[in-house]
Amino acid sequence: MDGSGERTREILRRGWELLGRLARKYRDHADKGRSPGGKLAAGRNGEDARAASGGEAIPAGEMERERETALRDVSLAARDGKASAARDGNGGTETQVTRSLRELMEDLQDASPRVRGEAAKELGKRGGPGVEGALETLLEDADDGVRDSAVRALRDLGSEEAVRILREALKTGSWEKRTAAAEALRELGWRADHSEEGALYHILNGDWEGVVELGRHAVPPLMALIRSCSDEVLRERAVRALGRMREPSTLKVMAEALHDIHPSVRKAAAWSLGQTGRRKAVEPLIAALQDPDEEVRREAVEALVRIGTPAMQPLVSALREEDSEVRRRVAEVIGRFYSSPDTEPLMHAFVLSALKDGDALSRARMATLLGEIGDGWAVKPLIEALYYFNVREAAGKAILGIGEPALGPLMAALKHHHIPVRKAAAQLLGCIGDPRAASALQSALKDRDWEVREAARAALDAIRGRDSGDESSLPDRTGMGPDSQI
């Protein structure tokens with residue numbers, strides 16, 4: 001053999017001698033300090049490990065470093081020796097390589113994470129009988145670095161068995177381990193199919209377009225991720241992916257996500273529920289109007305608007321909520337419907353129905369709430385409600401509470417087809433006392449109904465009296481004085 005072979009044998013000989021000494025010291029120390037669970041017990045107050053023979057003290061960290069150094073030297077020597085054996089046909093080095101592989105397999109059980117990790121890396125480069133199975137066990141190691149080393153080692157092996165193990169690792173354990181396995185499979189060029197396993201692969205590699213394309217196959221892993229993953233970014237993206245799929249079966253988990261600890265996930269849940277367009281998404285979104293985060297509340301409003309018609313009736317019912325902030329947010333959504341020519345007629349019908357149906361107290365309360373909200377859109381249904389005598393008083397007070405935004409609609413109501421509405425509009429204009437209403441009231445003096453004409457005349461007198469400063473001519477500001485017929 002040439003000089004290279006001689007150097008190889010010398011390195012191997014020295015390496016094995018050092019490994020032998022260290023192994024005896026570890027074994028003797030383990031016999032004294034091994035815990036019932038099979039790992040070396042830590043010394044009290046950080047005491048150094050002591051070899052049984054002679055009481056020689058060796059710091060534990062130094063022992064691990066020497067062992068790792070020896071492992072690397074032996075590994076390099078083994079590769080050099082294997083190459084030399086291939087050149088000169090000497091079989092002696094092959095025996096030493098086999099022995100080194102066996103020692104590496106034993107090191108996978110070492111108490112030191114560094115030793116286990118180095119052994120895993122070396123086994124990934126060498127391969128050999130039973131290596132894949134040993135590395136699979138290491139995927140459940142308590143140390144993150146050791147688990148990563150095992151995944152990389154399986155990737156380096158690239159065998160069919162290694163691929164099978166990595167595919168299994170996608171399905172169980174921590175999401176960190178699953179992500180590492182997915183990255184390893186991607187680097188190996190593995191192609192995912194249309195299945196839950198394929199969906200997991202796309203999810204963990206961040207291929208959200210691929211996830212959405214898989215459709216229903218991706219629903220179970222996405223739901224599992226949302227409920228168990230500690231990474232809020234992954235949860236947010238998973239919730240948005242479900243929203244894009246618009247699967248009815250995902251409504252429950254998206255509603256649950258509205259209670260996530262992170263606002264970004266709650267915001268994504270509100271957006272996704274709005275994408276479904278379903279009636280069952282409305283109640284959770286109305287509840288989200290109370291969210292402490294402003295962006296989540298704003299997204300809930302937009303989601304309710306996107307849902308459209310199915311949200312209208314629940315929104316009107318939510319106007320009776322005790323929380324004034326919720327009522328204000330609900331009114332904001334209703335106002336958005338009123339501002340659209342496509343949705344205004346139906347929304348108006350729902351609000352008006354709430355003003356004229358049910359018992360007298362509930363109708364009066366709804367009118368009062370609309371007045372408290374004070375939005376301009378509320379004037380129109382309140383004017384329509386003036387037709388019904390049992391809600392007329394509450395509606396009139398609510399209109400007066402809204403104030404100036406009611407002026408234009410009241411002037412238009414002087415031409416309403418119902419006499420009670422025209423009469424009440426004239427009386428309310430007199431209570432408001434704005435000179436801008438004088439022209440419309442002057443026209444109402446020609447109304448075909450004498451009660452409307454009288455109400456218009458009284459309103460004009462009130463406006464003139466206000467202009468002249470004659471307080472005695474002013475009507476009751478509420479419009480609900482003892483002589484009022486509103």
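Angles under 35 degrees between two helix axes count as roughly parallel, and that cut-off is useful for the opening stop on this tour of a predicted model.

Begin by selecting residues 113–126, which form helix α4, together with residues 144–157, which form helix α6; their axes lie 8 Å apart and pack at an angle of about 5°, and the two helices are therefore roughly parallel to each other. If you now show side chains, the contact is made on the α4 side by Pro-113, Arg-116, Gly-117, Ala-120, Lys-121, Leu-123 and Gly-124, and on the α6 side by residues including Val-146, Ser-149, Arg-152 and Asp-156. Coloured by character, the residues of this contact divide into 7 nonpolar, 3 polar and 4 charged.

Next, select helix α14 (residues 263–276) and helix α16 (residues 294–307), whose axes come within 8 Å and cross at roughly 5°, so that α14 and α16 are likewise roughly parallel to each other. Among the residues making the contact are Pro-263, Arg-266 and Trp-271 of α14, and Glu-295, Glu-299 and Arg-306 of α16; the residues of this contact divide into 8 nonpolar, 2 polar and 5 charged.

Finally, move to helix α22, residues 389–402, whose 14 residues reach 20 Å from the first C-alpha to the last, close to the 20 Å expected at 1.5 Å a residue. Which residues of α22 are buried? They are Val-391, Arg-392, Ala-394, Ala-395, Gly-396, Ala-398, Ile-399, Leu-400 and Ile-402, and what covers these buried residues includes α19 (344–356), α20 (360–373), α21 (379–385), α23 (407–413) and α24 (419–432). Just after α22, stop at Gly-403, which takes a positive phi of about 80°.

Note on methods
Residues numbered from 1 in each chain as written. Predicted model: local features only at pLDDT ≥ 70, side-chain atom pairs only at ≥ 80, totals over all residues. Heavy atoms only, no water. Axes fitted to C-alpha atoms, helices over the stretch in contact; angles between N-to-C directions. Helix = DSSP H or I, 4+ residues; strand = E, 2+ residues; numbered from the N terminus. Parallel < 35°, antiparallel > 145°, perpendicular 65-115°, else oblique. Contact = heavy atoms within 4.5 Å. Nonpolar A, V, L, I, M, F, W, Y, C, P; charged D, E, K, R; others polar. Expected span 1.5 Å × (residues − 1). Buried < 20%, exposed > 50% of the residue type's maximum accessible area, 1.4 Å probe, protein only.
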